[in-house]
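User: Please take a close look at the sheet in this model, strand by strand, and at what lies around it. I would like one connected account rather than a list.

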Amino acid sequence: MLYLITGATRGIGKLLADNLVSSGNTVFGTYFSTAPEQNSLNHEVKSQLFLSRVDIRNPEQATQWVESITRDSADNIVVINCAGVNYNAAIQNSDPILWHDVLDVNLFGVYNVIRAVIPYMRNIGFGRIINLSSVVPRIGVYGTSAYAASKAGLWGLAKAVAVENAKYGITINTINLGYFDIGMIAEVPKDYLSDIVKKIPQGSLGDPMDILKAVQYLVSATYITGAEININGGLV
Ligand SMILES: NC(=O)c1ccc[n+]([C@@H]2O[C@H](COP(=O)([O-])OP(=O)(O)OC[C@H]3O[C@@H](n4cnc5c(N)ncnc54)[C@H](OP(=O)(O)O)[C@@H]3O)[C@@H](O)[C@H]2O)c1
């Protein structure tokens, strides 16, 4: 089994990549602006982690990356689309270029990777695609119109791709995350964060290892496709 993870040198993508490599899997990861840390894993383990610089907004780069892995492979592939960005602004104050860039990374970027990998998956008759979405489009959060639109878009994208590929052993599912103690949560101001935590029924940020558990479940399951798993401590 080969794992392809976008955004693998930071945040959730790095956590997933490190854990999957540590448990003996081969991981092909991408980074964009965060160069891989030297010696972040021991030598033996590092030999199963292959990192490439890819801007997922660019269809050619995404395709080239996927094809460089699949060209000489016959292995089953799992794609985990972790790369994502946020932009906070009330819509009337928002900058159209920055707003559009969120859609470009979070939705078009995911499309670019999926579009590139589907022919290979159909050919070998197996595929697992897991996209990371959010609780934000479901609950409505001030200043997040771009992020919410992009993450809600992933739900529809997954449902269509699920139907198109259901007969080829390919599943595609979405994990809707609440607020986790990792990654882009660092961008949230402290006061605002404590208000968020007060609203979470379980009373704390999520443990990122729950995301790994959901990934492992979706990889092993065969009859779940076009679905969403909510991991949010009861925040709805
Ligand atoms: N953390 C949370 O609580 C939370 C909650 C809900 C949903 N999520 C979702 O989970 C995913 C991971 O979040 P995170 O917290 O780990 O975020 P993060 O730490 O901010 O990491 C974002 C990742 O996206 C990559 N990226 C950004 N622009 C890119 C581009 N144009 N091309 C390729 N890669 C690009 C970054 O790569 P570089 O650093 O190399 O540029 C980085 O690895 C995101 O999709 C996010 O929306 C997270």
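Analyst: What follows goes through the strands in turn, then the ligand shell, one helix and three single residues. The model is predicted.

Start with strand β5, residues 127–134. This strand is mostly covered, with 8 of its 8 residues buried. In a regular strand the side chains alternate between the two faces of the sheet. In β5, G127, I129, N131 and S133 point one way, while R128, I130, L132 and S134 point the other way. Both sets are buried.

β5 has a pairing with β4, which covers residues 77–81. The two strands run parallel and are paired over 4 bridges. Within this pairing, I80 stands opposite I130 of β5. The connection can also be described through a helix: β4, α4 and β5 together form a right-handed β-α-β unit. Helix α4 spans residues 96–124.

β5 is also joined to β6, residues 170–177, by 8 bridges, again in the parallel sense. Two of the contacts can be named. N131 has T174 in β6 as its bridge partner, and S134 has L177 in β6.

β6 is mostly covered as well, since 8 of its 8 residues count as buried. On one side of the strand are I170, I172, T174 and N176, and on the other are T171, N173, I175 and L177. Both faces are covered, and every one of these residues is buried. T174, the bridge partner of N131, and L177, the bridge partner of S134, therefore belong to opposite sides of β6.

From β6 the pairing continues to β7, with 4 bridges between the two parallel strands. Strand β7 covers residues 228–231. L177 appears here too, standing opposite I231 in β7. L177 thus has a partner in β5, S134, and a partner in β7, I231.

Now take the strands at the start of the chain. β1, residues 2–6, runs parallel to β2 and is joined to it by 4 bridges. I5 stands opposite G29 in β2. β1, α1 and β2 make up a right-handed β-α-β unit, with α1 at residues 11–22 and β2 at residues 26–31. On to β3: this strand, residues 49–53, runs parallel to β2, and 5 bridges join the two. V27 stands opposite L49 in β3.

S52 is one of the residues of β3. Is S52 buried or exposed, or in between? S52 is partly exposed, because 15 other C-beta atoms lie within 10 Å, and a residue needs 20 or more to count as buried. The C-alpha atoms of S52 and T30 are separated by 4.9 Å, although the two residues are 22 residues apart along the chain.

Several of these elements also contribute to the surroundings of the ligand. The shell holds 31 residues, and the closest are G7, G11, T34, G84 and G183. At least two shell residues come from each of α1, β2, α4 and β5. The largest share, 3 residues, is supplied by α1. By class, the shell contains 16 nonpolar, 12 polar and 3 charged residues.

Helix α3, residues 59–70, can be checked for regularity. At 1.5 Å a residue, its 12 residues should span 16 Å, and this agrees with the 16 Å between its end C-alpha atoms. The buried residues of α3 are A62, W65, V66 and T70. Seen down the helix axis, the buried residues fall within an arc of 125°, so they line one face of α3.

Two further residues can be set beside S52. S145 is found in helix α6, residues 145–165. S145 is partly exposed, because 19 other C-beta atoms lie within 10 Å. The C-alpha atoms of S145 and L205 are separated by 23 Å, and the two are 60 residues apart along the chain.

Y223 has its place in the loop between α8, residues 209–220, and β7. Y223 counts as exposed because it has 6 C-beta neighbours inside 10 Å, where the limit for exposed is 12 or fewer. Y223 and S73 are 150 residues apart in sequence and 25 Å apart in space, C-alpha to C-alpha.

Note on methods. Residues are numbered from 1 along each chain as its sequence is written. This is a predicted model: local features need pLDDT of at least 70, side-chain atom pairs count only at pLDDT 80 or more; totals for chains, interfaces and linings use all residues. A residue is near a molecule or strand if its C-beta atom, placed from the backbone, lies within 6 Å of it. Ala, Val, Leu, Ile, Met, Phe, Trp, Tyr, Cys and Pro count as nonpolar, Asp, Glu, Lys and Arg as charged, and the others, Gly among them, as polar. Two strands pair if DSSP finds at least two bridges between them. A crossover is right-handed if, with the strands pointing away from the viewer, the path from the first strand over the helix to the second runs clockwise. The expected span of a helix is 1.5 Å times one less than its number of residues. The arc is that of the directions from the helix axis to the C-beta atoms.
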